[in-house]
Amino acid sequence: MPELRHDPIQRQWVIIASERARRPSEFEVTVTQQSAEFCPFCPCNEDKTPPEIMAVRDGFSAPNSPGWSVRVVANKYPALRIEGDLDRAAEGLYDRMNGVGAHEIVIETPDHTRHIADQPQSHLAKVLRTYRDRLLDLQRDTRFLYVAIFRNYGESAGATLSHPHSQLIAMPIVPRVIEIELRSARDHYYQRERCLFCDLLRQERDAGSRIVVDNGDYIAYAPYAARSPFELILAPTRHQHDFAHITDDGTEKLAAILIETLHRLRSALNDPPFNFVIHSAPNIRSRSVWMQDFPYLADGYHWHIEIIPRLTKSAGFEWGTGFHINPTPPELAADYLRRVKY
Ligand SMILES: [Zn+2]
Ligand SMILES: [Zn+2]
């Protein structure tokens, strides 16, 4: 069973995934473990993954057989496990709990080589609805306080299998980056009774210098204090706190802006590795007392997607200080991305 351990000095939870235990020698070289000919996510290899949790099938075909267009399976090597109770306990000054959670893989397409930006809009919208539907289902489990949804593209961004896929991890804690966002949103709401993100998006639209794409319903912009070159945020212009509430029509428009944004990044930066992460509200149904701190969550928080091209490696300074040096001003990055031909 993986374990969650709390560092009382950094005030941070860490997953100790002992089942993934690696001997020192296994860290020495990073080679892609996937052989050229075999991919467990390709059609006809459905029996090589854990059984499917859900799948989008356009016609009739049996579960765990070809004919799907989007398929969700449990991760064979999960960071957290679905069974069991948290069993919170103290170990002297330290806190621990069982690594209870869910770790799912969303196989985005049967097509092994298709770049996410080359998906038809209607297909990417299906993938986004799959995220939403899984999120809604995982939120019914009151042990889960947060569900992270993310995508790694390219080996240096952490993708170990090249077949297009994204991941969901449901967890019994709120990640520190989300907690900081929630506290900022709460403070702003207490002072002004308005959503911090709505205020900020309005200001960015007025200024315009950091906007990359604006399709009315969503905007993609380079944040004022971007931590790394060409980092972008994509957000709905109308207030919505939880990604689980996105409508079918909303997924179509989000797919459109996501495709355009990723095309622009790909042209500008020669197909860079990247991560995207959905930042959404924690699970309101969670039984954790933690939620009591955020009574205005639905009015004060606003979901968004962070897109981070992996162009620089974090080194000692970033790791040691948590402080970033970004060589590309976000205004310049946005200007470049607006002009690029794609
Ligand atoms: Zn494949
Ligand atoms: Zn808002």
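Let me start with the open sheet, which in this predicted model is built from four strands in the order 2-1-6-5, with antiparallel pairing. Strand 2, residues 12–16, and strand 5, residues 89–91, stand at the edges with a single partner strand each, so one side of each is left without a neighbour in the sheet. Going from one strand to the next, the twist averages 30 degrees.

If you look at one edge of that sheet, you will find strand 5 running antiparallel to strand 6, residues 94–98, and joined to strand 6 by three bridges; one pair to look for there is Ala90 with its bridge partner in strand 6, Asp95.

Another antiparallel pair consists of strand 10, residues 211–214, and strand 11, residues 218–221, again with three bridges between them, and here Asp214 has Ile219 in strand 11 as its bridge partner. These two strands form a hairpin with three residues between the strands, where Gly216 takes a positive phi near 90 degrees.

Now to the helices. The axes of helix 1, residues 121–138, and helix 4, residues 248–269, come within 8 Å and cross at roughly 120 degrees, and the two helices are therefore oblique to each other, while their crossing is right-handed. Which residues of helix 1 meet helix 4? They are Gln121, Leu124, Ala125, Leu128 and Arg129, and on the side of helix 4 they meet Asp248, Thr251, Glu252, Leu254, Ala255, Ala256, Leu258 and Ile259. Sorted by class, this contact has eight nonpolar, two polar and three charged residues.

Technical notes:
Residues are numbered from 1 along each chain as its sequence is written. Chains are lettered from A and ligands numbered from 1 in the order in which they are written. This is a predicted model: local features need pLDDT of at least 70, side-chain atom pairs count only at pLDDT 80 or more; totals for chains, interfaces and linings use all residues. Axes are lines fitted to C-alpha atoms, for helices over the stretch in contact, and angles run from 0 to 180 degrees between N-to-C directions. Angles under 35 degrees count as roughly parallel, over 145 as roughly antiparallel, 65 to 115 as roughly perpendicular and the rest as oblique. A crossing is left-handed if the near helix is turned anticlockwise from the far one by less than a right angle, and right-handed if clockwise. Two residues are in contact if their C-beta atoms, placed from the backbone, lie within 7 Å. Ala, Val, Leu, Ile, Met, Phe, Trp, Tyr, Cys and Pro count as nonpolar, Asp, Glu, Lys and Arg as charged, and the others, Gly among them, as polar. Two strands pair if DSSP finds at least two bridges between them.
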